[in-house]
Amino acid sequence: MNEDLSRRGTLAGLAVLALSAPALGQQAGAPPFAVTEPGPETPRPLPGERAIGREDAPVTVIEFHSLTCGNCANFHTQHFPRIKVAYVDPGLVRFVLRDYPLDRVAVDAAALVHCAGPERFEAMLSVLYTNKEAWAHSPDARGWLRRMAGLAGVSASRLEACWTDRGFTDPIIRSRLEATREFNVQATPTFVIGGRVHPGVLTFERFAQLVQPLLPPSSTPAPAPRVLPRL
């Protein structure tokens with residue numbers, strides 16, 4: 001089932017390049033991608049990777065994710081809460097998230113998350129993944145995202161600036177292109193652990209199997225309560 005979803009995610013991912021190409025002003029013979037300089041009124045900080053956990057954690061895990069990805073939502077609602085309690089909160093793992101938008105709606109959602117600022121990152125990520133079915137495939141996805149921005153204290157003018165300034169949205173698309181070039185990422189979620197690439201959803205148990213050998217011998221994860229699937 002996950003393999004089938006990942007394949008569909010890969011196919012859907014091709015759409016972001018087709019959708020973004022006109023917006024990026026690509027022409028025959030031009031470089032495949034060139035980042036537009038942000039305007040003077042562009043909200044800061046610009047989109048980039050976001051990390052959860054201590055900078056000096058002995059293990060760093062990178063996740064490439066798309067906010068419209070069903071498998072990503074499954075990981076973040078069903079498995080990551082336990083991983084965070086056991087490995088991230090005790091300072092054993094630094095969990096880095098990088099954008100890999102599968103479609104234009106995912107670009108909009110990622111722009112909202114970055115637009116809200118690093119202090120709201122975890123909360124926005126949780127809300128969007130928990131409610132993914134309500135907005136990701138909605139004909140009025142932007143309307144839903146606007147309402148969520150308002151609830152999070154992001155002004156309408158700031159959100160529109162984040163959506164319309166290519167200097168702000170280009171880094172989100174660039175993150176996807178760099179992931180493909182650097183790690184040959186083809187679908188979401190994809191994890192990089194100890195330099196090795198692991199595509200697909202990682203359960204808590206599988207995550208522990210991959211991370212535990214990389215930790216110092218004396219490191220012991222915190223007890224993690226079992227998170228029951230949503231009904």
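**Figure 1. Cys115 and Cys162, both buried, in the predicted model.** In this predicted model, Cys115 and Cys162 form a disulfide, with their sulfur atoms 2.1 Å apart. The bond joins distant parts of the chain: Cys115 belongs to helix 3 (residues 104–115) and Cys162 to helix 7 (residues 156–164), 47 residues apart. The torsion about the S-S bond of Cys115 and Cys162 is about 75 degrees, so the disulfide is right-handed. The structure holds one disulfide. A disulfide is a covalent bond between the sulfur atoms of two cysteines. Two further cysteines may be shown for reference. Cys69 is buried at a relative accessible area of 5%, and Cys72 is buried at 0%.

**Figure 2. Contact between helix 3 and helix 6.** The axes of helix 3 and helix 6 (residues 141–151) come within 11 Å and cross at roughly 10 degrees. Because this angle is under the cut-off of 35 degrees, helix 3 counts as roughly parallel to helix 6. From helix 3, the contact is made by Val105, Asp108, Ala109 and Leu112; from helix 6, by Ala141, Arg142, Leu145 and Ala149. Sorted by class, the contact of helix 3 with helix 6 has six nonpolar and two charged residues, and no polar ones.

**Figure 3. An aromatic cluster formed by Phe75, Phe80, Phe95 and Phe191.** The count of aromatic pairs in the structure comes to eight. The rings of Phe75 and Phe80 have their centres 6.0 Å apart and their planes at 45 degrees, so this pair is tilted. Phe75 and Phe80 are both buried. Phe95 and Phe191 belong to the cluster together with Phe75 and Phe80.

**Figure 4. Surroundings of Val96 in strand 3.** Strand 3 spans residues 93–99 and includes Val96. Val96 has a relative accessibility of 2% and so counts as buried, the cut-off for this class being under 20% relative accessible area. Leaving aside neighbours within four places in sequence, Val96 is in contact with Glu49, Arg50, Ala51, Thr60, Val61, Ile62 and Glu63. Ile52 lies 44 residues from Val96 along the chain, and the C-alpha atoms of Val96 and Ile52 are separated by 6.3 Å.

**Figure 5. The cis peptide bonds that precede Pro45 and Pro189.** The bond from Arg44 to Pro45 is cis, with omega near 0 degrees. Pro45 is found in the loop between helix 1 (2–23) and strand 1 (50–52). The bond from Thr188 to Pro189 is likewise cis, with omega near -10 degrees. Pro189 lies in the loop between helix 8 (166–183) and strand 4 (190–193). Most peptide bonds are trans.

**Figure 6. Asn184, a residue other than glycine with a positive phi.** Phi of Asn184 is near 55 degrees. Most residues other than glycine have a negative phi. Asn184 lies in the loop between helix 8 and strand 4, which also holds Pro189. Asn184 has a relative accessible area of 51% and is therefore exposed, the cut-off for this class being over 50%.

**Figure 7. Glu41 and Arg158, with their C-alpha atoms separated by 9.4 Å.** Glu41 and Arg158 are 117 residues apart along the chain. Glu41 is found in the loop between helix 1 and strand 1, which also holds Pro45. Glu41 is exposed, with a relative accessible area of 69%.

**Figure 8. Context for the close-ups: a protein chain with nine helices and five strands.** Along the sequence, the protein chain follows the pattern α-β-β-α-β-α-α-α-α-α-α-β-β-α. The protein chain has 231 residues, and buried residues make up 48% of them. Among contacts between residues at least 6 apart in sequence, 79% join residues at least 24 apart.

How values were computed:
Residues numbered from 1 in each chain as written. Predicted model: local features only at pLDDT ≥ 70, side-chain atom pairs only at ≥ 80, totals over all residues. Heavy atoms only, no water. Helix = DSSP H or I, 4+ residues; strand = E, 2+ residues; numbered from the N terminus. Buried < 20%, exposed > 50% of the residue type's maximum accessible area, 1.4 Å probe, protein only. Disulfide = S-S within 2.5 Å. Axes fitted to C-alpha atoms, helices over the stretch in contact; angles between N-to-C directions. Parallel < 35°, antiparallel > 145°, perpendicular 65-115°, else oblique. Contact = heavy atoms within 4.5 Å. Nonpolar A, V, L, I, M, F, W, Y, C, P; charged D, E, K, R; others polar. Phe/Tyr/Trp six-rings, centres within 6.5 Å; stacked < 30°, edge-to-face > 60°.
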